[in-house]
Amino acid sequence: STAVTIDKATALSLKELAKQTLKDNDLGGYTVPTHGLYPFQWNWDSAITALGWMKFDEPRAWQEIEILFSGQWDNGMVPHILFHKNSETYFPGPNIWGANRAIKSTSISQPPVLATAIKEMLETAKDSALATEKVTQLFNKLVEYHLWWYNDRDPQNTGLVVTYHPWESGMDNSPAWDDALHAVPCVDWEYTRRDTSHVDPSQRPHKSEYDRFLYLVDFFKRHNFDSQYIFDNCPYKMNDLGIIAILHRATKDLLILGDKLGLNDERTEYLAKRAKMTEQAIGSLWCESSNYFYCRNVLTNSLAKVKTSAGLLCVYAGLATKAQTESLNNTAQQWIEASQFSIASTHPSETCYEPQRYWRGPIWLHINWMIALGFAESGFTNTANHIQQDTRNLVLTSGYYEYFNPETGAGCGGKNFSWTAAIALHWLL
Ligand code: 9WN
């Protein structure tokens, strides 16, 4: 799309609108992604949203992270949703998940961008004394969280953690899950979805996917969240590139935090070893014939050969070799040319690409930020700048929607969305 510069007055009003969006979504220390559709605290939403708060209220930004950690399980897991207060506007709620810890929560996690966000917060803080104090307090919890990922989700030291649910990937109906999800049984009980009463159903996952999402939720509950049992028997097990890449970068960021604050110890040395294992294993997700990284269905040992934006996150993670990065940059350039706005979450040339249906095509701003960061750090500034420019155009065209149609730039899903406003504050304005 054509380059548009944002004049000062527009930037100012967009900034005010972004701040207002976060304030309106504030439920007293934590931020809901948007009212109605998502009335609780989500894990990776909060990490990204804290980056936005950081621009105008640093204590509030740290509080976002602290409240998220208040729901951490004894085994180190930071849940994907914390149900702080009841709400009937979302399904499935805490009773369906059945995980009644001190704070009700789901029993899976989400892409662990937390340590990366916290490092970014420490580096950009104006109140560095406060930031240092907060990171020092949070460090041990972060270490426990990362240990949980590697020990619980890669108990056999393969170098590649597994995920048990499309909701854990944060990319719910990505076409990368289609085959693996198809093998999961459907729930045999009736239920009423709430999402499709807030948002046009043509922009949401299908019932056939929800039937299986719920089967898995129920499976975890029936087996009492038993890690070993679930690892051995879960009917859905993926090596998800999004999680693997985000975890890898976050582990490296955690080690940098530890260095800065003098907090590294034998546990973080162990995390460094785990990260090395990922570097050695990632090549098994690279396909030579199509020059791309793919997710793997662990149960069938087959790559899900569909180009989704998660593959580009390997550059952000520093997991791609120089040659792979060059080749991914060429692919990204074609991807950018293939629709008016970039980066579509599924490559527009894929037959499963749908520009409006959630993670099957629409653009997500926090993913754009990560992809652009990866290319910028690898020296591919044209690609990074192009993605950033497109992202600005989207916000100018449509404001702070949940996600965007790559062909028209139209906002889709929830309105007044926290992470979209936060990324604008952090990266665009
Ligand atoms: C399930 C909150 C979350 C995001 C996810 C996004 C969507 C939930 C849903 O909304 O998922 O977690 O019910 O659709 O896919 O990435 O964290 O914004």
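# A guided tour of the model

Start by selecting residues 8-24, helix α1, and residues 418-428, helix α18: these two helices pack at an angle of about 140 degrees, with their axes 9 Å apart. What you have on screen is a predicted model. Are the two helices parallel or oblique to each other? Only angles over 145 degrees would count as roughly antiparallel, so α1 and α18 are oblique to each other. Now turn the view until one helix lies in front of the other, and you can see that α1 passes α18 in a left-handed crossing.

**Next stop: the annotated domain.** Select residues 38-420. An unreviewed UniProt entry lists them as "domain: Mannosylglycerate hydrolase MGH1-like glycoside hydrolase". Colour this span by secondary structure: 50% is helix and 6% is strand. Then pick the C-alpha atoms of its two end residues, which lie 14 Å apart.

**Now visit the ligand.** Which residues are around it? Select Pro33, Tyr38, Trp42, Trp44, Asp45, His80, Trp167, Gly170, Asp172 and Asp195 to show them. If you colour this shell by residue character, you will find 5 nonpolar, 2 polar and 3 charged residues.

**On to a sheet.** Select residues 238-239 for β5, and 302-304 for β9. Together with β8 they make an open sheet of 3 strands, in the order β5-β8-β9, with antiparallel pairing. β5 and β9 are the edge strands, each pairing on one side only. Zoom in on β5 and on β8, residues 295-297: 2 bridges join these antiparallel strands. Look across from Met238 and you will meet Asn297 in β8.

**Stay here for an unusual backbone angle.** Follow the chain into the loop between β8 and β9, where Asn301 is found. Asn301 is not a glycine, yet its phi is positive, at about 55 degrees. Why pause at such a spot? Because most residues other than glycine have a negative phi, and most peptide bonds are trans.

**Last stop: two cis peptide bonds.** Select Phe91 and Pro92, which are joined by a cis peptide bond with omega of about 5 degrees. Pro92 sits in the loop between β2 (81-82) and α4 (94-97). Then jump to Ser342 and Ile343, where the peptide bond is also cis, with omega near -10 degrees. In which loop is Ile343 found? Show α15 (322-337) and α16 (365-377), and look in the loop between them.

How values were computed:
Residues numbered from 1 in each chain as written. Predicted model: local features only at pLDDT ≥ 70, side-chain atom pairs only at ≥ 80, totals over all residues. Pairing = 2+ DSSP bridges. Helix = DSSP H or I, 4+ residues; strand = E, 2+ residues; numbered from the N terminus. Near = placed C-beta within 6 Å. Nonpolar A, V, L, I, M, F, W, Y, C, P; charged D, E, K, R; others polar. UniProt positions renumbered as here; feature names shortened; annotations may be inferred. Axes fitted to C-alpha atoms, helices over the stretch in contact; angles between N-to-C directions. Parallel < 35°, antiparallel > 145°, perpendicular 65-115°, else oblique. Left-handed = near helix turned anticlockwise from the far one by under 90°.
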